[in-house]
Amino acid sequence: MTRDADVLIQEMEADDLLESIEEGVRKRRFGSVVRVTVNKEMPLHIREILIENLEMDRTDMYDLEGPLGISHLMSLYQVNRYDLKDATYLAGIPTPLKSKDYDGNIFSAIRRGDFLVHHPYDSFSPVVDFLRTAAKDPDVLAIKQTLYRVGRNSPVVKALLDAARIESR
């Protein structure tokens, strides 16, 4: 069920904006019904009860196939039954970085041939190794990278900071 969640806040009348928003959120539970999704197998008499009790327009009722509320199934994942869950996925390492010819220098692996690192299926460690190696290499003039988001204690940020420290020497 989806209810009308419009919250009208008159700036001049709102003594306390936070209080006005909290009041709007409380009222949202009682807003008019604008949409109800039901399983297409729901009997007509149950539909009529919903339409009447929710005081809704029958054109705002939508039929869907299959089960509803799939997002609530994620709460089942919290149950400690690991025998019913998929095994933890371990990201792979690209083949050139696993071969016996790999000496730990990612630049030498790249010189031997191109390879693709496909995230999240492949490990991110080659990228971090690349940045660490580049930070230490005197022939690297610049590292340019776009970071969309990073976590705390990011090895990428640490490698870039290390490169900046080396550069400033």
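In what order do the elements of the chain run from the N terminus on? They go β-α-β-α-β-α-α-α, and the legends below walk through this predicted model view by view.

**Figure 1. The whole chain, five helices and three strands.** Reading from the N terminus, the pattern is β-α-β-α-β-α-α-α. The radius of gyration is 28 Å, well over the 15 Å that the globule rule gives for 169 residues, so the chain is more spread out than a compact globule. Boxed up along the principal axes, the C-alpha atoms fill roughly 75 × 50 × 30 Å. Buried residues account for 17% of the 169 residues.

**Figure 2. Confidence along the chain, with a mean pLDDT of 84.** A pLDDT of 70 or more is reached by 92% of the residues. Which elements sit at the two ends of the scale, lowest and highest? Helix α1 (residues 17–28) has the lowest mean pLDDT, at 73, while α2 has the highest, at 94. Keep those two values in mind when you look at either helix up close.

**Figure 3. The Arg58–Glu48 salt bridge, one of five in the structure.** The closest N and O atoms of Arg58 and Glu48 are 2.9 Å apart. This pair links distant parts of the chain: Glu48 belongs to helix α2, whereas Arg58 is in the loop between α2 (44–53) and β3 (61–64), 10 residues apart. Glu48 itself is partly exposed, its relative accessible area being 31%.

**Figure 4. The loop between α2 and β3, with Glu55 and Met56 in view.** Two residues of this loop make a nice contrast. Buried or exposed: what is Glu55? Glu55 is exposed, with a relative accessible area of 73%, while Met56 is buried, with just 8%. The backbone at Glu55 deserves a look too: its phi is near 50°, a positive value in a residue other than glycine. As for Met56, follow the C-alpha atoms over to Val36: the two residues are 20 apart in sequence and 9.0 Å apart in space.

**Figure 5. A nonpolar patch on the surface, made by Ile70, Leu73, Leu76 and Val79.** Together these four side chains give a patch of about 370 Å². One of them, Leu76, is found in the loop between β3 and α3 (106–112). Leu76 counts as exposed, at 55% relative accessibility, because the cut-off for that label is over 50%.

**Figure 6. Arg81 and Asp83 meeting in a salt bridge.** Their side chains come to 2.7 Å, N to O. How exposed are the two partners? Arg81 counts as partly exposed at 40% relative accessibility, and Asp83 counts as exposed at 57%.

**Figure 7. The cis peptide bond between His119 and Pro120.** Zoom in on the peptide bond here and you'll find omega at about 10°. Pro120 is part of the loop between α3 and α4.

**Figure 8. Helix α4 (residues 125–136) and its buried residues.** Which residues of α4 are buried? They are Pro126, Val128, Leu131, Ala134 and Ala135. Some of that spacing is easy to follow on a helix: an α-helix has 3.6 residues a turn, so residues three or four places apart point the same way. The length checks out as well: at 1.5 Å a residue, the 12 residues of α4 should span 16 Å, and the end C-alpha atoms are 17 Å apart, which agrees.

**Figure 9. Asn153, in the loop between α4 and α5.** What is the value of phi at Asn153? Phi is near 55°, a positive value in a residue other than glycine. Asn153 counts as exposed, with 79% relative accessibility.

**Figure 10. Lys158 and Asp162, a salt bridge within helix α5.** The closest N and O atoms of Lys158 and Asp162 are 3.3 Å apart. Why can these two pair up along the helix? They are four residues apart in α5 (residues 155–168), which means that about one helical turn separates them. Asp162 is partly exposed, with a relative accessible area of 24%.

How values were computed:
Residues are numbered from 1 along each chain as its sequence is written. This is a predicted model: local features need pLDDT of at least 70, side-chain atom pairs count only at pLDDT 80 or more; totals for chains, interfaces and linings use all residues. Side-chain values use heavy atoms; hydrogens and water are left out. Buried means under 20% relative accessible area, exposed over 50%, partly exposed in between (1.4 Å probe, protein chains only). Patches are made of residues with over 30% relative accessible area and no salt bridge: like charges are joined within 9 Å, nonpolar side chains (Val, Leu, Ile, Met, Phe, Trp, Tyr) within 5 Å. Accessible areas come from the Shrake-Rupley method with a 1.4 Å probe; for residues, only the protein chains shown count as cover. The expected span of a helix is 1.5 Å times one less than its number of residues. pLDDT is the predictor's confidence in each residue, from 0 to 100. The radius of gyration is taken over C-alpha atoms; the globule rule is 2.2 Å times the number of residues to the power 0.38.
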